[in-house]
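Colleague: I should like to request a close look at a single part of this model. Please explain, step by step and in terms suited to a first-year student, how that part is put together and what packs against it.

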Amino acid sequence: MTGALLEILNLLGKQAHAIDGGAARQWAETFTPDGVFRSPTYPEPVRGREALTEFAAAFAANNPRAHHIVTNVCIDREISADECHVKANLLIVRTTSSGAVAIDRVTTIDDSFVRHGGLWRIAERVITRD
């Protein structure tokens, strides 16, 4: 799974840059077509790429100075060669108009990854707030 971890780390990095940069479609494409995003910050789960794209676009529009920082990434459970569970910490920080940095959220992400079309994709993400 060492190769898998490198691919997953790359995907999580691209995902963070995509949502922070307003690349909503690219962010949504890190999920499977029927992927699910669950967070206590939002009232309902976001399901499917179209809804995920809209969610990411709204987040970027409403948080222009936000940065997603993903850290402590590990494969928590190997299910098969094409499926695993990944755990990580996610901090959302923002730069204020004065240039100061503020931490908005510290969270834990629990991702169910599957190989889809030969690439690792997130089937479901569950966010918990710390």
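Modeller: Let us begin with a turn: β3 is joined to β4 by a hairpin, with two residues making the connection. The model is a predicted one, and the part to be examined is the sheet to which this hairpin belongs.

Strands β3 and β4 are antiparallel, and 11 bridges pair them. One of these positions can be found by eye, for S80 has E83 of β4 as its bridge partner. The pairing then continues from β4 to β5, again in the antiparallel sense, through 13 bridges. Here H85 has S112 of β5 as its bridge partner. The hairpin of β4 and β5 has five residues between the strands, and in it G99 adopts a positive phi near 95 degrees.

From β5 the path leads to β6, and these two strands run antiparallel with 10 bridges between them. S112 appears once more at this point, as the bridge partner of E124 in β6. The hairpin of β5 and β6 has two residues between the strands, and G117 takes a positive phi near 60 degrees there.

The next step changes direction: β6 and β1 run parallel and are joined by four bridges. At this boundary F31 stands opposite I122 of β6. Beyond it, β1 (residues 31-38) pairs with β2 in the antiparallel sense over two bridges, and F37 stands opposite V46 of β2.

The whole arrangement can now be stated. The six strands make up an open sheet, ordered β2-β1-β6-β5-β4-β3, with mixed pairing. At the edges are β2 (46-47) and β3 (66-80), each of which pairs on one side only.

What lies across this sheet? Helix α3 (residues 49-62) lies across β1, β2, β3, β4, β5 and β6, and runs at about 50 degrees to β1. Its length can be checked by a simple argument: the 14 residues of α3, at 1.5 Å a residue, should span 20 Å, and the C-alpha atoms at its ends are 20 Å apart, so the two agree. The buried residues of α3 include R49, L52, T53, F55, A56, F59 and A60. Because these cover an arc of only 165 degrees around the axis, they are on the same side of α3. The face turned away from that buried side bears E54, A61 and N62, which are exposed.

Finally, the aromatic rings deserve attention. If rings are taken to pair when their centres lie within 6.5 Å, seven aromatic pairs are counted. One of them is W27 with F31, a tilted pair at 5.0 Å centre to centre and with 55 degrees between the planes. Both W27 and F31 are buried. For F37 and F55, the ring centres are 4.8 Å apart and the planes stand at 40 degrees, so this pair is tilted. Since F37 belongs to strand β1 and F55 to helix α3, the pair ties together parts that are 18 residues apart in sequence.

Each partner of this pair may also be judged by its accessibility. The limit for a buried residue is under 20% relative accessible area; F37, at 8% relative accessibility, therefore counts as buried. F55 has a relative accessible area of 13%, so F55 is buried as well. Taken together, W27, F31, F37, Y42 and F55 are linked into a cluster by ring pairs.

Note on methods: Residues are numbered from 1 along each chain as its sequence is written. This is a predicted model: local features need pLDDT of at least 70, side-chain atom pairs count only at pLDDT 80 or more; totals for chains, interfaces and linings use all residues. Side-chain values use heavy atoms; hydrogens and water are left out. Two strands pair if DSSP finds at least two bridges between them. Contact means heavy atoms within 4.5 Å. Axes are lines fitted to C-alpha atoms, for helices over the stretch in contact, and angles run from 0 to 180 degrees between N-to-C directions. The expected span of a helix is 1.5 Å times one less than its number of residues. Buried means under 20% relative accessible area, exposed over 50%, partly exposed in between (1.4 Å probe, protein chains only). The arc is that of the directions from the helix axis to the C-beta atoms. Rings of Phe, Tyr and Trp (its six-membered ring) pair if their centres lie within 6.5 Å; planes under 30 degrees apart count as stacked, over 60 as edge-to-face and the rest as tilted.
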